[in-house]
Amino acid sequence: MQMQKAYLKLANGRIFEGLAPDWQTDSSYGEVVFNTGMTGYEETLTDPSYSGQILTFTFPILGNYGVSAGKRWESEKIHAKGVICETVFDEPAHHSQRQTFLSWLKQNNIPLICGVDTRELTKVIREYGVLSGVITTKADLEPDFSDSMTHDWVKEVSPKEVQTIGNGKYKVILVDCGAKENIIRCLLNFDITLKRVPFDYDYSNEDYDGVMLSNGPGDPKLCNQTVAVLAKAMTRNKPIFGICLGSQLMALAIGANTYKLKYGHRGHNQPCIDLKRDRCYLTSQNHSYAVDDKTLPSDWEVTFRHLNDNTVAGIAHTSGMYSAVQFHPEASSGPQDTFYLFEQFFNQIQAGGSK
Ligand SMILES: NC(=O)CC[C@H](N)C(=O)O
């Protein structure tokens, strides 16, 4: 593939030079974040939570195992607004690869800049905090970063229609704010029928056995409709479990606060302690926001903490009926150590809430 000169221009004035494939003509704006995962570029780029973000991979090689026919994907397309990396390898050898990494980016029209010193860039993000950036092939582009952070991404990635999945005994509402497919795969290990609903769907008066609040992109404080329905559902004493954005929405629904971290947590080796079990787990994470534990009501507790910075990584109501984690127990990619949380949720569903 022929390459051309490309630039990553950051809102703080820093410019990184690199290379882009010759088909790339559009400039792409987004919030520049970094992920430290050593594998899983397919899962990561198809995670809807990355909508609006330009993703820096700190692992130095992308593309070495190609791209599968979708069996590892977390949704049907790439959601990140651009890819920043050190080296792209475009001659993969893997039994499940169906196309090369660069051809996949081209198909999805996702800009790339490679040849970037991602260690240096990561230091910039860690020191400055996440910031807007643009990948462009135009050396003279004067970036306009004015409207990059306030977009309602959940509305864009949430499904437009209700969908029923599976044929199990217990009915679980999946509030899909941009759910990773692996949450669905994990839930279908159990005797469950999933009703997958849009972010603004009112399920609070329906007959169900449990509710799963999905991950999703952007600022949780933009999700007023989802929070309002959730607050009603939380009066019914039926199990509710939240993942990542779901955890932040649960906090907002009980009147607690969320705030933006300086540069978030993104990667597969994020250490969290389960305070009840007194055990540490390596977790998969991808988030910018966190729950402020000082604002939790007195009948709520912190169940997990992130061991790198002591931020809240899980909350629960003292009844145990409502709980959520800031990390991804569905993993994909990343360690599956916390799958037991799905088992706990299913046990609660079987126990029947207040029935
Ligand atoms: N993966 C997620 O659900 C991310 C949640 C939220 N958008 C955040 O960045 O904190």
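**Helix H3, Leu10 and the ligand shell**

Helix H3 (residues 118–128) has Thr118, Leu121 and Ile125 as its buried residues. These three sit on the same side of H3, because they cover an arc of only 60 degrees around the axis. The model described here is predicted.

**Helix H3**
- The buried residues of H3 pack against five strands listed here by residue range: S2 (15–21), S3 (28–35), S4 (53–57), S6 (82–84) and S15 (257–274).
- Arg119, Glu120, Lys123, Arg126 and Glu127 are exposed, on the face of H3 turned away from its buried side.
- Gly129, just after H3, has a positive phi of about 100 degrees.

**Annotated domain**
- The unreviewed UniProt entry places "domain: Carbamoyl-phosphate synthase small subunit N-terminal" at residues 4–136.
- Over residues 4–136, helix accounts for 18% of the chain and strand for 32%.
- The end C-alpha atoms of residues 4–136 are 11 Å apart.

**Leu10**
- Leu10 belongs to strand S1 (residues 3–10).
- Leu10 counts as buried because it has 20 C-beta neighbours inside 10 Å, and 20 or more is the cut-off for a buried residue.
- Apart from neighbours within four places in sequence, Leu10 contacts Val32, Leu131 and Gly133.
- From Leu10 to Ala313 the separation is 303 residues in sequence and 30 Å in space, C-alpha to C-alpha.

**Ligand shell**
- Residues surrounding the ligand include Ser49, Asn215, Cys244, Leu245 and His287.
- Strand S16 (residues 279–292) gives the most to this shell, with 4 residues.
- The shell has 7 polar and 4 nonpolar residues, and no charged ones.

Conventions
Residues are numbered from 1 along each chain as its sequence is written. This is a predicted model: local features need pLDDT of at least 70, side-chain atom pairs count only at pLDDT 80 or more; totals for chains, interfaces and linings use all residues. UniProt positions are given in the numbering used here, feature names are shortened, and annotations may be inferred rather than shown by experiment. Helices (H or I, at least four residues) and strands (E, at least two) are DSSP runs, numbered from the N terminus. A residue is near a molecule or strand if its C-beta atom, placed from the backbone, lies within 6 Å of it. Ala, Val, Leu, Ile, Met, Phe, Trp, Tyr, Cys and Pro count as nonpolar, Asp, Glu, Lys and Arg as charged, and the others, Gly among them, as polar. A residue is buried if 20 or more other C-beta atoms lie within 10 Å of its own, exposed if 12 or fewer, and partly exposed in between; C-beta atoms are placed from the backbone. Two residues are in contact if their C-beta atoms, placed from the backbone, lie within 7 Å. The arc is that of the directions from the helix axis to the C-beta atoms.
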